[in-house]
Amino acid sequence: MTTSATTTLDNTHVCTVCGEIDVLTAPTFQQALCDSVDIAESTRVDMRAVTFFGVAGIRALLAARDFADRRHCAIYIQGSYCVTRILEAVGLAAEFDIREECQPADARQR
């Protein structure tokens, strides 16, 4: 898993995450999100290039969301199909502001 960060002209911090988020990478993922929340009033978590999103990743995302709430920072997610699907499967999709779901072309046609 890799992360990168930028800030847009409208002061939205963008944390881009690529690869697999599992028990080994979740602490780094959570730290990257919390660091992003500390920088700007709004944080976009670009997870469109995430290829695996396990339970440890869900826990990290929940912790980062709670951290953002305490700091009055808006946080929203752009998720890959595997991210949005797992959040839906465990009943947490409504807990997050998920925008611009990017699904593979064949998944959209079903």
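In this predicted model, Thr-3 stands opposite Val-17 of strand E2. This pair is a convenient way into the sheet, starting with the strands E1 and E2. E1 covers residues 2–7 and E2 covers residues 12–21; the two pair in the antiparallel sense, with 6 bridges between them. Further along the same pairing, Thr-6 has Val-14 as its bridge partner in E2. The connection between E1 and E2 is a hairpin with 4 residues between the strands.

One residue of that turn deserves a second look. Asn-11 is found in the loop between E1 and E2, and its phi is near 65°, a positive value in a residue other than glycine. Most residues other than glycine have a negative phi. Asn-11 counts as partly exposed because its relative accessibility is 33%. A second case is His-72, in the loop between H2 and E4. His-72 is not a glycine either, yet has a positive phi of about 55°. With a relative accessible area of 73%, His-72 is exposed.

Just before E1 comes Met-1, in the segment that precedes the strand. Met-1 counts as partly exposed, since its relative accessibility is 29%. Although 17 residues separate Met-1 from Cys-18 along the chain, their C-alpha atoms are 5.5 Å apart. Beyond its neighbours within four places in sequence, Met-1 is in contact with Val-17, Cys-18, Gly-19, Glu-20, Ile-21, Thr-25, Thr-28 and Phe-29.

At the other end of E2, the picture centres on Thr-12, which lies in this strand. Is Thr-12 buried or exposed? Its relative accessibility is 8%, under the 20% limit, so Thr-12 counts as buried. The side chain of Thr-12 makes a polar contact of 3.1 Å with the side chain of Asp-10. Leaving out residues up to four places away in sequence, Thr-12 touches Thr-6, Thr-7, Ser-42, Arg-44 and Tyr-76. Among these, Ser-42 is also the bridge partner of Thr-12 in E3.

That bridge leads on to the pairing of E2 with E3. These two strands run parallel and are joined by 9 bridges. Another pair between them is Cys-15 with Val-45 of E3. H2 packs on the sheet, where it touches E2, E3 and E4, and its direction makes about 180° with that of E3. Taken as a whole, the sheet is open and has 5 strands in the order E1-E2-E3-E4-E5, with mixed pairing. Its edge strands are E1 and E5 (97–98), each of which pairs on one side only.

The link from E2 to E3 passes through a helix: E2, H1 and E3 make a right-handed β-α-β unit. H1 lies across E1, E2, E3 and E4, and runs at about 175° to E2.

Which residues of the largest nonpolar core touch the most other members? This core has 27 residues, and the ones with the most contacts to other members are Phe-29, Val-45, Met-47, Phe-53, Leu-61 and Leu-87. At least two core residues come from each of E2, H1 (26–39), E3 (42–53), H2 (55–70), E4 (74–79) and H3 (81–89). The largest share, 7 residues, comes from H2. In soluble globular proteins, nonpolar side chains tend to be buried together.

Phe-53 gives a local view of these surroundings. Not counting residues up to four places away in sequence, Phe-53 touches Ile-21, Phe-29, Met-47, Ile-58, Leu-61, Cys-82, Val-83, Ile-86 and Leu-87. Several of these residues, including Phe-29, Met-47, Leu-61 and Leu-87, are also listed with Phe-53 among the core members that touch the most others. Two of the residues named here were met earlier: Phe-29 and Ile-21 are also in contact with Met-1. Val-45, another of the core members that touch the most others, is the E3 bridge partner of Cys-15.

Key: Residues numbered from 1 in each chain as written. Predicted model: local features only at pLDDT ≥ 70, side-chain atom pairs only at ≥ 80, totals over all residues. Heavy atoms only, no water. Buried < 20%, exposed > 50% of the residue type's maximum accessible area, 1.4 Å probe, protein only. Polar contact = N/O pair within 3.5 Å; in protein donor to acceptor, adjacent residues only side chain to side chain. Contact = heavy atoms within 4.5 Å. Core = buried A, V, L, I, M, F, W, Y, C linked by side-chain atoms within 4.5 Å. Pairing = 2+ DSSP bridges. Axes fitted to C-alpha atoms, helices over the stretch in contact; angles between N-to-C directions. Right-handed = clockwise from strand over helix to strand, strands pointing away.
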